Amino acid sequence: MSIPVDLKRLASVLLDYPEGYLLTASADGAVKAVSVGPVAAEGHLILQPSTGSTANLDANPKATLLFPPPAPRGFTLLVDGTAEAAVDRIRFTPASAILHRPARHADGRPVPESVSGCGNDCRNV
């Protein structure tokens, strides 16, 4: 089950997902995951840089942010986009975002209230 997240609402959805992982890939395809706590700023997400992520982004600017469910059987937030690294920060530009969980976890935590139009997996509490 995947529920699209309107990028205009991503900053509010991130309030339920304060910590996640930046996934980048090197030129040879090796994936690196680093823990991040993004800050929303003017349509971008600002992240702390790491040496490996910076090197990967120089070779391949495509990246994904993965935020595990805040509760068991909840939704994982996945944000795809591009990123550019500077000395003091990584600026991530979201292209798409979804809330995802396997259908077998539908008895878990409902979709966050910050997401609207979430289809048949929504439950009023």
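**Arg 73 and its loop**

I began with Arg 73, which I found in the loop between E6 and E7 of what is a predicted model. I looked up its backbone and noted a phi near 65 degrees, a positive value in a residue other than glycine. I then checked its exposure and recorded Arg 73 as partly exposed, with a relative accessible area of 35%.

In the loop between E6 and E7 I also looked at Phe 75. Phe 75 counts as buried because its relative accessibility is 2%, and the cut-off for that label is under 20%. I followed Phe 75 to Ile 3, which is 72 residues away along the chain, and noted that their C-alpha atoms are separated by 9.3 Å.

**A second positive phi**

I turned next to Glu 42, in the loop between strand E4 (39-41) and E5. Glu 42 is not a glycine, and yet I read a positive phi of about 55 degrees for it. Glu 42 is exposed, as its relative accessible area is 81% and the label asks for over 50%.

**The overall layout**

I stepped back to the whole chain and listed 2 helices and 8 strands, which from the N terminus on run β-α-β-β-β-β-α-β-β-β. Of the 125 residues of the protein, I noted that 35% count as buried. The protein exposes about 7000 Å², and I wrote down that carbon and sulfur atoms supply 54% of this area. Taking the contacts with a separation of 6 or more, I recorded that 56% of them come from residues 24 or more positions apart.

I also checked how far the predictor trusts the model, and found an average pLDDT of 87, with 83% of the residues scoring at least 70. Where is confidence lowest and where is it highest? I found the lowest value in strand E1 (residues 2-4), at a mean of 89, and the highest in strand E6 (residues 62-67), at 98.

**Helix H2 and its two sides**

In helix H2 (residues 51-59) I marked Ser 53, Asn 56 and Leu 57 as the buried residues. They lie on the same side of H2, because they cover an arc of only 100 degrees around the axis. I recalled that an α-helix has 3.6 residues a turn, so residues three or four places apart point the same way. On the other side of H2, I found Thr 51 and Asp 58 exposed. What do the buried residues of H2 pack against? I listed strand E2 (20-25), strand E3 (31-36), E6, strand E7 (76-85) and strand E8 (90-100).

I looked more closely at Asn 56, which is buried with a relative accessible area of 8%. A polar contact of 2.9 Å joins its side chain to that of Thr 24. Leaving aside residues up to four places away in sequence, I found that Asn 56 touches Thr 24, Ala 25, Ser 26, Ala 30 and Lys 32.

Ser 26 led me on to the loop between E2 and E3, where it lies. Ser 26 is buried, with a relative accessible area of 18%, and its side chain makes a polar contact of 2.3 Å with the side chain of Asp 28. I also noted Ala 59, which is 33 residues from Ser 26 along the chain, with 6.4 Å between the two C-alpha atoms.

**The nonpolar core**

I then looked up the largest nonpolar core, which has 23 residues, and wrote down those with the most contacts inside it: Leu 10, Tyr 17, Leu 22, Leu 65, Leu 77, Val 79 and Phe 92. The elements that give two or more residues to this core are helix H1 (10-13), E3, strand E5 (44-47), E6, E7 and E8. I noted that E8 gives the largest share, 4 residues.

I picked out Phe 92 and, not counting residues up to four places away in sequence, listed some of the residues it touches, including Leu 22, Leu 45, Thr 64, Leu 65 and Val 79.

**Thr 64 in strand E6**

My last entry follows Thr 64, which I located in strand E6. Which residue's side chain makes a polar contact with the side chain of Thr 64? I found that it is Asp 80, at 2.7 Å. Again not counting residues up to four places away in sequence, I recorded that Thr 64 touches Tyr 21, Leu 22, Leu 23, Val 79, Asp 80 and Phe 92.

Notes
Residues are numbered from 1 along each chain as its sequence is written. This is a predicted model: local features need pLDDT of at least 70, side-chain atom pairs count only at pLDDT 80 or more; totals for chains, interfaces and linings use all residues. Side-chain values use heavy atoms; hydrogens and water are left out. pLDDT is the predictor's confidence in each residue, from 0 to 100. A polar contact is a pair of N or O atoms within 3.5 Å; within protein, one must be able to donate a hydrogen and the other to accept it, and residues adjacent in sequence count only if both atoms are side-chain atoms. Contact means heavy atoms within 4.5 Å. Buried means under 20% relative accessible area, exposed over 50%, partly exposed in between (1.4 Å probe, protein chains only). The arc is that of the directions from the helix axis to the C-beta atoms. Accessible areas come from the Shrake-Rupley method with a 1.4 Å probe; for residues, only the protein chains shown count as cover. A nonpolar core is a set of buried Ala, Val, Leu, Ile, Met, Phe, Trp, Tyr and Cys residues joined through side-chain atoms within 4.5 Å.
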